[in-house]
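Let's take a friendly walk through this model, one question at a time. Have the sequence and the 3D view ready.

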Amino acid sequence: MIEATMRIHISSSSVIFECDDIAIIGNGEFRASSGKVDGFILYADTLRYENGAKLSRDERENLKCLYQHFVLNHEDFIDWDI
């Protein structure tokens, strides 16, 4: 089980979570309101490890909790679809 999220990198269509000694990759898109970017939608069913193995529902829920803990000291920028 993943224990901590160290860094999060976002491009125009993907997110990389650096967790412990592994990376988890997911796809998504920026969302906008009134012509301004106001977040990023992460498609949970695209979450996978670097080796291509998909995350289980429990692993996705764990990652979401770790993300929420991570953003306590950072600005929130992802809207989850779980």
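The questions below go from the overall fold to one residue.

This is a predicted model in which local features need pLDDT of at least 70, side-chain atom pairs count only at pLDDT 80 or more, and totals for chains, interfaces and linings use all residues. Residues are numbered from 1 along each chain as its sequence is written, and side-chain values use heavy atoms, with hydrogens and water left out.

Q: Which pattern does the protein follow along the sequence?
A: Helices (H or I, at least four residues) and strands (E, at least two) are DSSP runs, numbered from the N terminus. The protein has 1 helix and 5 strands. Read in sequence order, these give β-β-β-β-α-β.

Q: Is Thr-46 buried or exposed?
A: Thr-46 sits in strand β4, which spans residues 36–49. Buried means under 20% relative accessible area, exposed over 50%, and partly exposed in between (1.4 Å probe, protein chains only). Because its relative accessibility is 17%, Thr-46 counts as buried.

Q: Which backbone atom does the side chain of Thr-46 reach at 2.6 Å?
A: Both pairs described here are polar contacts, meaning N or O atoms within 3.5 Å; within protein, one must be able to donate a hydrogen and the other to accept it, and residues adjacent in sequence count only if both atoms are side-chain atoms. At 2.8 Å, the Thr-46 side chain meets the backbone nitrogen of Asn-27. At 2.6 Å, its partner is the backbone oxygen of Tyr-43.

Q: Which residues does Thr-46 touch, not counting those up to four places away in sequence?
A: Contact means heavy atoms within 4.5 Å. Leaving out residues up to four places away in sequence, Thr-46 touches Ile-25, Gly-26, Asn-27 and Lys-54.
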